[in-house]
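Notebook open, model loaded. I want to go through this one residue by residue and then step back to the whole chain.

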Amino acid sequence: MRILVIEDEKNLNDIIVKKLVLEKYCVDSCFNGNDALDYIFSVEYDVILLDIMLPKLNGFEVIKELRNKGNHTSVLMLTARDSADDKVKGLDLGADDYLVKPFDFNELSA
């Protein structure tokens, strides 16, 4: 399974990637919305872990562009934004799930 981690906090990005690699996943990562779209439209991913508060393009803009271009890769929003409005917006834009930071890695793996 190939996973793209889009998280601008370098330490958290590194931790997520390392844990996923230990679980035998193939993982790419990036730190902003523009690079995210470059990765998404260059490589076929099974799952995308997407933060909302990203530089250049935020996560909502990334998923909107992704879905508008017909890409139906599974997306898990992984963010500190925990309001019901943000959750609904992410899901309405096409996210498959929404996980709030801080999170338990076992929940992420599930």
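**Entry 1: Thr 73.** I started with the contacts of Thr 73: setting aside neighbours within four places in sequence, it touches Tyr 45, Asp 46, Val 47, Ile 48, Arg 67 and Asp 96. This is a predicted model, so everything I note here is computed from it. Thr 73 sits in the loop between H3 and E4. Is it buried or exposed? Its relative accessibility is 13%, and the cut-off for buried is under 20%, so Thr 73 counts as buried.

**Entry 2: Glu 7.** Next I looked up a charged residue, Glu 7, in the loop between E1 and helix H1 (10–22). I got a relative accessible area of 1%, so Glu 7 is buried. What does Glu 7 touch, beyond residues up to four places away in sequence? I listed Leu 12, Asn 13, Cys 30, Phe 31, Asp 51, Leu 54, Leu 78 and Lys 101.

**Entry 3: backbone oddities.** Most residues other than glycine have a negative phi, and most peptide bonds are trans. I went looking for exceptions and wrote down three.

- Lys 101 and Pro 102 are joined by a cis peptide bond, with omega at about -10°. Pro 102 is in the loop between E5 and H5.
- Lys 24 has a positive phi, near 75°, and is not a glycine. I found it in the loop between H1 and strand E2 (26–30), and it is exposed, at 73% relative accessible area.
- Lys 56 also is no glycine, yet its phi is positive, about 75°. Its place is the loop between E3 and H3, and at 62% relative accessibility I put it down as exposed.

**Entry 4: the cores.** In soluble globular proteins, nonpolar side chains tend to be buried together. So I checked which residues do that here. The largest nonpolar core has 19 residues, and Ile 6, Ile 48, Leu 50 and Met 77 touch the most other members. Two or more residues each come from strand E1 (2–6), helix H2 (33–40), strand E3 (47–50), helix H3 (59–68) and strand E4 (74–79). H3 gives the most, with 4 residues. Another core lies apart from this one: 14 residues, among them Ile 3, Leu 12, Leu 99 and Leu 108.

I then picked Met 77 and listed its contacts, leaving aside neighbours within four places in sequence: Leu 50, Ile 52, Gly 59, Phe 60, Ile 63, Ala 95, Asp 97, Tyr 98 and Leu 99.

**Entry 5: the pocket.** The largest pocket comes out at about 330 Å³. Which of its 17 lining residues lie nearest the centre? I noted Leu 49, Leu 76, Leu 108, Ser 109 and Ala 110. E3, E4, strand E5 (97–100) and helix H5 (105–109) each give two or more residues to the lining. By type, I have 12 nonpolar, 2 polar and 3 charged.

**Entry 6: stepping back.** I tallied 5 helices and 5 strands in the chain, and along the sequence they read β-α-β-α-β-α-β-α-β-α. The radius of gyration is 13 Å, close to the 13 Å the globule rule gives for 110 residues, so the chain is as compact as a globular protein of that length. Its C-alpha atoms fill a box of roughly 35 × 30 × 25 Å along the principal axes. Buried residues make up 43% of the 110. Last lookup: of the contacts between residues at least 6 apart in sequence, 58% join residues at least 24 apart.

Notes
Residues numbered from 1 in each chain as written. Predicted model: local features only at pLDDT ≥ 70, side-chain atom pairs only at ≥ 80, totals over all residues. Heavy atoms only, no water. Core = buried A, V, L, I, M, F, W, Y, C linked by side-chain atoms within 4.5 Å. Buried < 20%, exposed > 50% of the residue type's maximum accessible area, 1.4 Å probe, protein only. Contact = heavy atoms within 4.5 Å. 1 Å grid on protein atoms, 1.4 Å probe; cavity = no way out; pocket = protein on both sides within 12 Å on 5 of 7 lines; lining within 4 Å. Points joined across faces, edges and corners; volume = space filled by probe spheres on them. Nonpolar A, V, L, I, M, F, W, Y, C, P; charged D, E, K, R; others polar. Rg over C-alpha atoms; globule rule 2.2 N^0.38 Å.
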